[in-house]
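This report introduces a protein model to a reader who has not met it before. Please view the sequence and the structure before reading on.

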Amino acid sequence: MPRSSISPITRQGTASRIAALFPRSYEGSRARFRQNLDRVQQFWSSARLGAHRISSQEGLTIDWIQADPRLSYERILILTTGEHGIEAFVGSAILQVLIDDYLPRLAPADTGLLLVHAINPWGMKYRRRVNSQNVDLNRNFIWTEGKAEPAYDTALNPAYRQLSSLLNPQKAVRHQIASALSFSIRLAKNLLRFDFSDFWKNIVIGQYHDPQGIYYGGSELQEEAQILIDLLREQITPYRQVLVIDVHTGFGPRYQMSLINSALELRESASLAREFNYPCILKANSKDFYPVRGDLLDYLYNLVNTEFPDVGLFATTFEFGTFGDSIPAMLRDLRATILENQLYWYGTLSNSARIWIQREFEELYFPGELKWRVKAIEDACRALDGILEAEGFFRN
């Protein structure tokens with residue numbers, strides 16, 4: 001059983017301490033992450049910083065801390081954040097909790113560490129979900145080995161094209177009321193054509209034909225994705241057991257983090273819920289969640305199964321719900337996503353509309369409410385307790 005269900009930060013914390021976990025800027029978050037090297041070196045003397053400067057963006061880097069075990073390469077804990085840039089603000093908080101509260105409980109003699117800050121630094125800095133090429137990186141990790149079809153298939157998901165007038169309006173945003181009304185009218189027309197579950201799946205699975213559209217997966221492997229693949233392959237190589245946690249926000253009940261597992265994970269969700277003592281575990285399939293093409297976790301399972309068949313892998317997503325999981329909440333999510341993308345490409349003459357859209361989009365990915373943030377940390381700690389205990393990462 002897990003040793004505790006709530007971090008010392010939340011048991012003993014104050015509002016100011018909780019608030020301090022969540023950074024205000026990309027630059028501040030990156031600086032704090034780099035400063036954590038000293039803390040990690042207290043337990044892993046081998047710990048070192050790594051960084052990759054994004055070639056097209058001056059001053060933006062993917063940063064990581066890696067540490068090798070002292071004696072034997074039994075297991076490695078990997079935590080990645082900011083695949084969707086704006087989500088890195090919550091990811092940074094979870095990284096800090098892991099470093100402050102959990103590193104002393106691990107076993108540096110046979111456990112390695114890889115902590116990745118902001119896979120998509122451009123998206124974090126400019127508070128967008130996508131990278132500078134408008135690519136949703138979690139639609140970009142496509143496993144191609146042994147497959148004949150194109151990796152970035154422009155013919156994929158034809159239903160998305162039918163929804164184009166709703167999803168990607170090609171004009172400047174009007175004022176707030178007009179924008180909300182226009183969305184509602186277009187939405188009503190399109191909902192008459194699809195069952196809601198099919199409607200939602202056709203949007204979020206990803207598309208590869210409209211470079212300015214939402215959920216665009218790109219036309220080639222992105223620089224950020226290639227860097228992460230190379231880093232993960234290098235880190236996985238010497239170990240027998242690999243645990244990967246990828247931090248995301250936006251989906252699920254407002255005050256409940258979900259563990260979202262790859263459809264390629266063989267263990268059933270109900271069994272893992274008992275094993276981890278965690279109440280909300282789903283698979284990324286049509287029944288529990290929704291399938292995604294180009295998903296990082298799917299890529300990892302394919303990579304390990306193909307290149308490292310003797311390695312034991314468990315990879316999961318910490319998915320923090322924000323607006324909620326009701327149909328009205330999901331439609332609010334969709335409206336915020338559409339309007340933010342429309343604002344980016346076509347602008348607006350209404351400053352009030354700009355402020356409203358930006359606030360909605362930020363609330364979708366990192367809510368400012370203290371109650372939400374406290375619960376997010378509590379849920380992350382409960383999940384970390386359960387997973388690290390069950391997977392054998394805590395000291396004996």
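Tyr344 is placed in helix H14, which covers residues 327-346; helices (H or I, at least four residues) and strands (E, at least two) are DSSP runs numbered from the N terminus. The model is predicted, so local features need pLDDT of at least 70 and side-chain atom pairs count only at pLDDT 80 or more, while totals for chains, interfaces and linings use all residues. Residues are numbered from 1 along each chain as its sequence is written, and side-chain values use heavy atoms, leaving out hydrogens and water.

Tyr344 is partly exposed because its relative accessibility is 39%; buried means under 20% relative accessible area, exposed over 50%, and partly exposed in between (1.4 Å probe, protein chains only).

Helix H14 also holds Glu340, whose partner Arg128 forms a salt bridge with it, defined as a side-chain nitrogen of Lys or Arg within 4 Å of a carboxyl oxygen of Asp or Glu. Arg128 lies in the loop between helix H6 (121-125) and helix H7 (158-162), so this pair ties together parts that are 212 residues apart in sequence. Both Glu340 and Arg128 are buried.

The whole structure has 19 salt bridges, including these:

| Salt bridge | Closest N and O atoms |
|---|---|
| Glu340 and Arg128 | 2.7 Å |
| Asp136 and Arg139 | 3.6 Å |
| Lys375 and Asp379 | 2.7 Å |

Lys375 and Asp379 are four residues apart in helix H16 (residues 370-390), about one helical turn. Lys375 is partly exposed at 23%, whereas Asp379 is buried at 7%.

Overall, the protein chain contains 16 helices and eight strands, and buried residues make up 60% of its 396 residues.
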